[in-house]
Amino acid sequence: MQPLSVFDIFKIGVGPSSSHTLGPWKACAEFAQQVARDFSDVDRVSVDLFGSLAKTGHGHATHLAVQMGLGGDDPAVVDVDAVPRRIALIRETSRLLLSGAIEIDFHPKQDILFHFDQTLPQHPNAMTCTAWSDRRELVSQTYFSIGGGFIVTDHDWNAEPNAASPPVQESAPELPFPIDDAADLLNHCQQNGLAVWEVVHANELTWRDDMTLNRDVDQIANVMLDCIHNGCRVEGTLPGGLDVRRRAALTARRLLGDDVPPERASFEQMIRQRAWTFDQVLDWVNTFALAVNEENAAMGRVVTAPTNGAAGVIPAVLMYHRCFTGGDTGSTRRFLMTASEIGCIFKKGATLSAAMGGCQAEIGVSSAMAAAALAEVQGGSPGQALAAAEISMEHHLGLTCDPVGGLVQIPCIERNAMGAIKAISASRMAVDRDPADTKVSLDAVVRTMWQTALDMNAKYKETSEGGLAIQIPVNLSEC
């Protein structure tokens with residue numbers, strides 16, 4: 001299977017969805033760059049959206065991501081506050097600077113087509129980009145956004161071992177500790193006397209030196225923690241038409257008895273220094289998760305962990321570790337490296353896409369990742385860390401994806417808080433028992449999750465055609 005890195009699982013980007021926003025953004029940027037390089041006479045580009053990308057595209061801001069991607073913006077560094085102005089300018093002028101190089105005609109309502117009744121057979125998240133010159137087709141490319149910000153083309157499609165797998169690259173590096181499943185990871189740990197994070201660290205050195213690795217992991221951590229801090233300071237109502245009120249800032253102020261300080265370090269220090277009741281710690285964990293996903297829903301800067309819809313679970317559990325169990329920079333790095341490998345295992349053996357597997361593939365996987373990471377930094381053995389991941393996923397099996405109005409708000413935001421609490425509970429249960437007493441392996445629960453995904457009705461896979469999505473009447477504006 002394709003070797004995966006920490007930075008394949010954790011990607012810095014823009015909300016609200018890794019599969020419906022980040023993936024299409026990256027696909028359009030890749031296509032625009034190719035067209036601008038190869039065709040100087042291009043005068044128009046059209047984008048066709050199929051399946052889940054069409055059905056929940058407006059709620060997930062897919063149409064906005066398409067325009068930003070075609071313009072050549074990088075979601076990891078773009079000024080998120082400038083996105084609405086950029087979109088408004090395209091709409092008002094009907095002009096777009098393709099890949100930042102060639103000015104073309106672009107009419108969003110005509111050139112971004114939502115095919116609500118068509119799904120391509122390979123994957124429910126499909127899109128086709130086409131470049132034109134004087135009504136003559138220059139080139140066309142179909143992309144699949146397969147979850148977590150991963151994209152593949154129809155030419156590279158590889159359906160083994162499951163429909164969510166990225167293609168294996170011919171130039172893929174050879175890792176010192178190749179890992180296809182949890183059994184591989186546990187064997188490497190036990191045979192070499194290594195913790196999970198140490199195995200990951202050794203593999204990461206294939207791609208980057210130790211100093212660069214620490215710098216890049218720290219950047220991921222900082223974006224996550226900044227997202228919590230930002231979300232705990234911003235009030236108001238989320239965009240999209242559901243009129244969902246932001247709660248994290250209100251709860252943070254109530255708990256602190258004062259305004260949240262503008263410096264993140266001061267905010268974290270205030271939490272560390274106080275004695276909190278059990279109920280208040282629960283409130284903080286919920287608040288951390290809500291803060292991230294409120295930022296995500298508002299198209300803020302987030303980290304796929306492993307997706308945007310589940311972006312709040314891992315930061316919330318990480319912040320819990322830092323504020324309430326003595327976490328520091330070193331343990332933060334170990335936490336994220338451990339979490340990433342669990343995400344890689346689910347990616348290889350099942351899916352990270354709610355459009356393929358329901359919300360078990362997003363909140364369930366993120367909770368499993370966080371549980372293993374917390375167990376590791378709390379002194380758990382590799383066996384206990386994997387058991388924590390198994391316990392957490394076991395209690396997310398079958399979780400459907402049914403976003404009301406196609407927006408990553410109801411029930412998605414609260415589900416992140418629940419996933420964080422489950423991760424902490426799973427970690428504590430795993431560390432408190434002998435790994436030899438484990439009856440269900442992590443690989444068994446990965447296989448079960450994938451089989452459940454295959455059996456799940458399509459209306460529960462990010463289509464907004466079942467579950468809560470059809471129980472709550474909404475009148476949405478386009479976001």
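Buried means under 20% relative accessible area, exposed means over 50%, and partly exposed lies in between (1.4 Å probe, protein chains only). The model is predicted: local features need pLDDT of at least 70, side-chain atom pairs count only at pLDDT 80 or more, and totals for chains, interfaces and linings use all residues. Residues are numbered from 1 along each chain as its sequence is written, and side-chain values use heavy atoms, with hydrogens and water left out.

**Exercise 1.** Classify the pair F114 and F116, and state whether each ring is buried or exposed.

Solution. Rings of Phe, Tyr and Trp (its six-membered ring) pair if their centres lie within 6.5 Å; planes under 30 degrees apart count as stacked, over 60 as edge-to-face and the rest as tilted. The whole structure holds five aromatic pairs. In one of them, F114 and F116 lie 5.9 Å centre to centre with 15° between the planes, and the pair is stacked. F114, at 17% relative accessibility, is buried. F116, at 48%, is partly exposed.

**Exercise 2.** Classify the pair Y320 and F324, and place both residues in their helix.

Solution. The ring centres of Y320 and F324 are 5.8 Å apart and the planes meet at 50°, so this pair is tilted. Both residues belong to helix α13 (residues 313-324); being four residues apart, they are separated by about one helical turn. Helices are DSSP runs (H or I, at least four residues), numbered from the N terminus. Y320 is buried at 11% relative accessibility, while F324 is partly exposed at 23%.

**Exercise 3.** Which residues do ring pairs link into a cluster?

Solution. The cluster consists of F267, W276, W284 and F288.

Terms used
Helix = DSSP H or I, 4+ residues; strand = E, 2+ residues; numbered from the N terminus.
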